[in-house]
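New to this one? Here is a quick tour of a few spots worth finding in the viewer.

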Amino acid sequence: MPAKTKKRKSKSKHRPKDGSGPDDPIPPIPLGLPEPSHRESLKALLTGEQVDLNTKEFMGCRIATRVFDHLTTHEIRDLKTVFDAFADRRGQIKADSVRRAMRALGFKVNKQEAKEMVADMDLDKNGTIDFSEFLQFIIDRQGTARDVQAEICQGFKMMDYDGTGKLSLENLKRACKEAGVQFSETDVRDMLEEADRNGDNVVDLEEFTAVMLKTNLF
């Protein structure tokens, strides 16, 4: 007699109605709001705080978003140069330095106004403000200042006789001679060394700007 063949029972690919059976190897995609970025999640995890959507990080600082509605990134960089010339090591400036910085930018601010400005923005009441708060001062007083930055750039270009974008010892000596100011070569060399922060024996526009603002020559 021929051997009986056993029919294999085909396994159903469908899960039983009672929900038992193998799990779906591809989990369903959850619906809802987009998840926060890895950076935001990490910050929230480490600090236990919500991400501040009213500020943006730029040049290593947290800056109020309203600033970017009024100033370009180039303008913010230029103002950072001015701010750093008067700021302390913590990146803060006091009321008297605020007045000097504002005056260097062409704003007319007296001591009392500077104190009131700092008091209005100084949330932790330590008598200082940070770069973001300084930028908001600038925004609130726009239109009342002369363009000191442009004047400094123009002065730099006039002294850059070689067109190299840097001022050498010879450039400074010639500028002093043409202005009718008498300085010894030692004096001029001392001025160059004081301005030359990176030690390349010349003064670039950033170094020149810092000196002009710090000495209130503009």
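**Around A195**

Setting aside neighbours within four places in sequence, A195 is in contact with V203, E207 and V211. Keep in mind that this is a predicted model. From A195 we move along to N201, then over to a pair of packed helices.

- You'll find A195 in helix α9.
- A195 has a relative accessibility of 9%, so it counts as buried, the cut-off being under 20%.
- One of its contacts is V211; the two residues sit 16 residues apart in sequence, and their C-alpha atoms are 6.3 Å apart in space.

**N201 in the loop**

- Look for N201 in the loop that runs between α9 (185-195) and β6 (203-204).
- N201 counts as exposed because its relative accessibility is 57%, and exposed means over 50%.
- The backbone has a quirk to check out here: phi of N201 is near 70°, a positive value in a residue other than glycine.

**Helices α4 and α5**

- Two packed helices are described by the angle between their axes and the distance between the axes.
- Helix α4 (residues 95-104) packs with helix α5 (residues 111-121) at an angle of about 115°, and their axes are 8 Å apart.
- That angle makes α4 roughly perpendicular to α5.
- The crossing of α4 past α5 is right-handed.
- On the α4 side, the contact is made by A95, V98, R99 and M102, while α5 brings K111, A114, K115, M117 and V118.
- Sorted by class, the contact of α4 with α5 has six nonpolar residues, three charged ones and no polar ones.

Notes. Residues are numbered from 1 along each chain as its sequence is written. This is a predicted model: local features need pLDDT of at least 70, side-chain atom pairs count only at pLDDT 80 or more; totals for chains, interfaces and linings use all residues. Side-chain values use heavy atoms; hydrogens and water are left out. Axes are lines fitted to C-alpha atoms, for helices over the stretch in contact, and angles run from 0 to 180 degrees between N-to-C directions. Helices (H or I, at least four residues) and strands (E, at least two) are DSSP runs, numbered from the N terminus. Angles under 35 degrees count as roughly parallel, over 145 as roughly antiparallel, 65 to 115 as roughly perpendicular and the rest as oblique. A crossing is left-handed if the near helix is turned anticlockwise from the far one by less than a right angle, and right-handed if clockwise. Contact means heavy atoms within 4.5 Å. Ala, Val, Leu, Ile, Met, Phe, Trp, Tyr, Cys and Pro count as nonpolar, Asp, Glu, Lys and Arg as charged, and the others, Gly among them, as polar. Buried means under 20% relative accessible area, exposed over 50%, partly exposed in between (1.4 Å probe, protein chains only).
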